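Trainee: I'd like to go through this one ring by ring. Can you put it up so we can both look at it?

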Amino acid sequence: MKKSLLALAAVATFSAVPTISFAEEVNPLSFNVSLTSDYRYRGISQSRLKPAVQGGVDYAFANGLYVGAWASYIKWIKDFGGGANFEVDLYGGWKGEVAKGLTLDFGLLTYQYPGHDLPSTHPLSPVNPNTLEIYGAATYGPATVKYSHSTTNLFGTANSKGSGYFEAAASFEVGGGVSLTPHVGYQRVAHNSDFSYTDFSLTASKDFSGFLVSGGVVATDTKDVGGYSYGSPANGKNLGRTGAVVSVKKTF
C-alpha cells in the first residue's frame, strides 16, 4: 500500500472545523454534538463508510479571536494496523468583518490521533499521521473560498510538507427554511501529485427546533488518480466513492 493512500484515507468536507458565530457575545462558549452516517473529510471517508459520533466545543472572544476543539470516531488508522479510534482537532484563529459584506478568517489547526502507533512491521512505518495546517478564508455574500496549507507531512505521507487544499462553497436559502450548499475542493499532495484529487458535494440542511438535519451527496475523482482506487485495507472499498451522507447536529 502506497504512503499516499494512507495519507489520503485521512483527508476529505468543508465542515470539519465548526463554523463559529460571533453574534453570541452574551454566551461565547458553545458545544456541539452530531451523528453522521459517514464521516467524510475532503471527500474521503474517515469511518470506512460507516456512521460516526462527533462533538466539539468553541469559545469566541468579543475581539474576533476564537479557540476550539472537535473530535470524531474514525476507522482508517486501525484499518492500517494502528491504535487510534478518534481524531481530535485543536484550532484557533481570528474571524471578523473587514468591509461591508466581507468576512475574513485566519487560523491554525492541528489534527491529532491519540494512540496512532502503527506496528514496526507495517510497510508504511514509521508514520506520524498528526498534521498541522494554517488556513485562510474569505466570505462575501453567500460564497466562501478557503485555502489550507500543511506545515508538516500530510496525514503521514512521506515528503508531503507544503501540501494544500483549496475549496469553494456557497449557501443559498431555497425556501421553507432549507439551505442548499454546493462545494468543490482540490487536494494537492506535495511531491505526490499522482494522488492529488478533486472532491464535490451538494448538501441540503434545515433546522428543526435546534436540531440541524442535513443530507447530501459527496463524490471524488479518486478512482482516476494514479490508476488507484483509495481503498480501505479492511474491505477494499473506495473511500472516495460517490455516496449519500445524512447527519443530525445539535449546538447548545
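What follows is a chat about confidence, aromatic pairs and one glutamate in this predicted model.

Trainee: Before the rings, what pLDDT does the protein average?

Mentor: Keep in mind that this is a predicted model. Of the residues, 84% score at least 70, and the average pLDDT is 87.

Trainee: And over which residues does the pLDDT stay under 50, although the model has 70 contacts beyond four places in sequence for them?

Mentor: Two stretches are worth flagging here. Over residues 121–125 the pLDDT is below 50, but that stretch has nine contacts beyond near neighbours in sequence. The one with 70 such contacts is residues 1–15.

Trainee: OK, rings. Phe31 and Phe252 form an aromatic pair, so is it stacked or edge-to-face?

Mentor: The structure holds nine aromatic pairs, this one among them. The centres of Phe31 and Phe252 are 6.0 Å apart, with 20° between the planes. Planes under 30 degrees apart count as stacked, so this pair is stacked.

Trainee: How many residues apart in sequence are the parts that this pair ties together?

Mentor: Phe31 sits in strand S1, residues 29–36. Phe252 is in the segment after strand S15 (243–251), so the pair ties together parts that are 221 residues apart in sequence.

Trainee: Is Phe252 buried or exposed?

Mentor: Its partner Phe31 is partly exposed, with a relative accessible area of 35%. Phe252 has 52% relative accessibility, and the cut-off for that class is over 50%, so Phe252 counts as exposed.

Trainee: Which residues does Phe252 touch, leaving out those up to four places away in sequence?

Mentor: Start with the backbone: the C-alpha atoms of Phe252 and Ser30 are separated by 5.7 Å, though the two are 222 residues apart along the chain. With neighbours up to four places away left out, Phe252 touches Ser30, Phe31 and Val33.

Trainee: Now Phe195 and Tyr230: what is the angle between the planes?

Mentor: This pair is edge-to-face, at 6.0 Å centre to centre. Edge-to-face needs planes over 60 degrees apart, and for Phe195 and Tyr230 the angle is 90°.

Trainee: Where does Tyr230 lie, and is it buried or exposed?

Mentor: Phe195 lies in the loop between strand S12 (178–188) and strand S13 (197–208), and Tyr230, 35 residues apart from it, in the loop between strand S14 (211–220) and S15. Phe195 has a relative accessible area of 8%, so it is buried. At 3%, Tyr230 is buried.

Trainee: Which lysine lies over the face of Tyr135?

Mentor: Lysines lie over two rings here, Phe211 and Tyr135. Lys250 lies over the face of Phe211, at 5.1 Å from the ring centre. Over Tyr135, at 4.7 Å, it's Lys146.

Trainee: Last one: with which side chains does the side chain of Glu133 make a polar contact?

Mentor: Glu133 is in strand S8, residues 131–140, and its relative accessible area is 1%, so it is buried. Among the residues it touches are Tyr41, Ser148 and His149. Ring pairs link Tyr41, Tyr111 and Phe155 into a cluster, and one of these rings comes back here. The polar contacts of Glu133 are at 2.9 Å with Arg42 and at 3.0 Å with Tyr111.

How values were computed. Residues numbered from 1 in each chain as written. Predicted model: local features only at pLDDT ≥ 70, side-chain atom pairs only at ≥ 80, totals over all residues. Heavy atoms only, no water. Phe/Tyr/Trp six-rings, centres within 6.5 Å; stacked < 30°, edge-to-face > 60°. Helix = DSSP H or I, 4+ residues; strand = E, 2+ residues; numbered from the N terminus. Buried < 20%, exposed > 50% of the residue type's maximum accessible area, 1.4 Å probe, protein only. Lys NZ or Arg CZ within 6 Å of the ring centre and 35° of its normal. Polar contact = N/O pair within 3.5 Å; in protein donor to acceptor, adjacent residues only side chain to side chain. Contact = heavy atoms within 4.5 Å. pLDDT = per-residue confidence, 0-100.
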